[in-house]
Amino acid sequence: MYTILRLAQAARWLFGFGSRRGSEAEDLLHHYTRTVCRSYGKEERGQPWTPSYGLYLRNSEGKYISPFHDIPLYAVVDKALFNMVVEVPRWTNAKMEIATNVPLNPIKQDVKKDKMRYVANIFPYKGYIWNYGALPQTWEDPCYEDPCTGCGGDNDPIDVCDIGSRVCSCGDVIQVKVLGALALIDEGEMDWKIIAINLEDPEAQKFNGKHY
């Protein structure tokens, strides 16, 4: 819950919820996207769509890193923009996720009841209608009961839905602007969804969250 509140506070600070004007926020946004974006390499192992598959990330020095632990949550020093690790690209079906119980936390396809998980199509769309991923260095604590629902966390990183038009690739690390949060209960567990938009999206400046 603390992380959710920090996300809302940071979004409010940069994107015009306080005294900062929209034009000033846009200037900061362009400055930060020019100067702080980091690049990460990818390495695929195993056969896709099988339990052997894993996508590993490397830093700019070529060293293996964990997308769960080693990528900063905040994309900029003032903590107003956030990194998102893309797990499931838009229009794809395979349920990919950061494997929190595997060394280096590669991105692997989820398995349920000994079967590889896929998301069903909903006509006329195919797979996920957004880029789906997670906020690095976050975790929904199963031992913490949400005061509104009484449910504990789902033991995973906080999920993010990027509603921008760009189709990302699995393992991409993008910078996003937070628009809001949706609280879901999945099989008795809290499963927060952060709604965000890629900062590189041409429509990003037209969308802002609202603080209640």
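Cys161 has Ile195, a residue of β12, as its bridge partner, and this pair is a convenient place to enter the structure, which is a predicted model. The two strands concerned, β10 and β12, pair in the parallel sense, and their pairing extends over 4 bridges.

From here the view can be widened to the barrel. Strands β4, β9, β10, β12 and β11 follow one another in that order to make a closed barrel of 5 strands, and the pairing within this barrel is mixed. From one strand to the next, the twist averages 45 degrees.

The antiparallel side of this mixture can be followed through β11. Strand β4, which covers residues 82-88, pairs with β11 in the antiparallel sense over 4 bridges, and within this pairing Met84 has Ile174 of β11 as its bridge partner. On β12, too, β11 has an antiparallel neighbour, with 10 bridges joining these two strands; one position to look for is Val176, which stands opposite Asn198 in β12. The strands β11 and β12 form a hairpin with 2 residues between them, and in the turn Glu187 has a positive phi of about 50 degrees.

To judge such a value, it helps to know that most residues other than glycine have a negative phi, and that most peptide bonds are trans. Another residue with a positive phi is Asp114, which is not a glycine and has a value of about 65 degrees; Asp114 is found in the loop between β7 and β8. The peptide bond that joins Phe123 and Pro124 is cis, with an omega of about 5 degrees, and Pro124 has its place in the loop between β8 and β9.

Several of these strands also take part in the largest pocket, where about 590 Å³ of space lies. Which residues lie nearest the centre of this pocket? They are Lys95, Arg117, Asp186, Asp191 and Lys193, and the whole lining has 27 residues. At least two lining residues are supplied by each of β5, β7, β9, β10, β11 and β12, while the largest share, 4 residues, comes from β12. By kind, the lining divides into 13 nonpolar and 14 charged residues, with no polar ones.

It remains to ask how far the coordinates can be trusted. The mean pLDDT of the chain is 85, and 80% of its residues reach 70 or more. Over residues 1-25, however, pLDDT stays under 50, although the model has 44 contacts for them beyond four places in sequence. A further stretch, residues 31-36, also has a pLDDT below 50, and the model gives this stretch 7 contacts beyond near neighbours in sequence. Where pLDDT is low, the predicted coordinates should not be read in detail. A careful reader will therefore keep this caution in mind wherever confidence is low, and can return to the bridge between Cys161 and Ile195 as a starting point for tracing the strands.

How values were computed: Residues are numbered from 1 along each chain as its sequence is written. This is a predicted model: local features need pLDDT of at least 70, side-chain atom pairs count only at pLDDT 80 or more; totals for chains, interfaces and linings use all residues. Side-chain values use heavy atoms; hydrogens and water are left out. pLDDT is the predictor's confidence in each residue, from 0 to 100. Contact means heavy atoms within 4.5 Å. On a 1 Å grid over the protein atoms alone, a cavity is a set of points where a 1.4 Å probe fits but cannot get out, and a pocket is an open set with protein on both sides within 12 Å along at least five of seven lines; lining residues have an atom within 4 Å of a point. Grid points are joined across faces, edges and corners, and a volume is the space filled by probe spheres set on the points. Ala, Val, Leu, Ile, Met, Phe, Trp, Tyr, Cys and Pro count as nonpolar, Asp, Glu, Lys and Arg as charged, and the others, Gly among them, as polar. Two strands pair if DSSP finds at least two bridges between them. Axes are lines fitted to C-alpha atoms, for helices over the stretch in contact, and angles run from 0 to 180 degrees between N-to-C directions.
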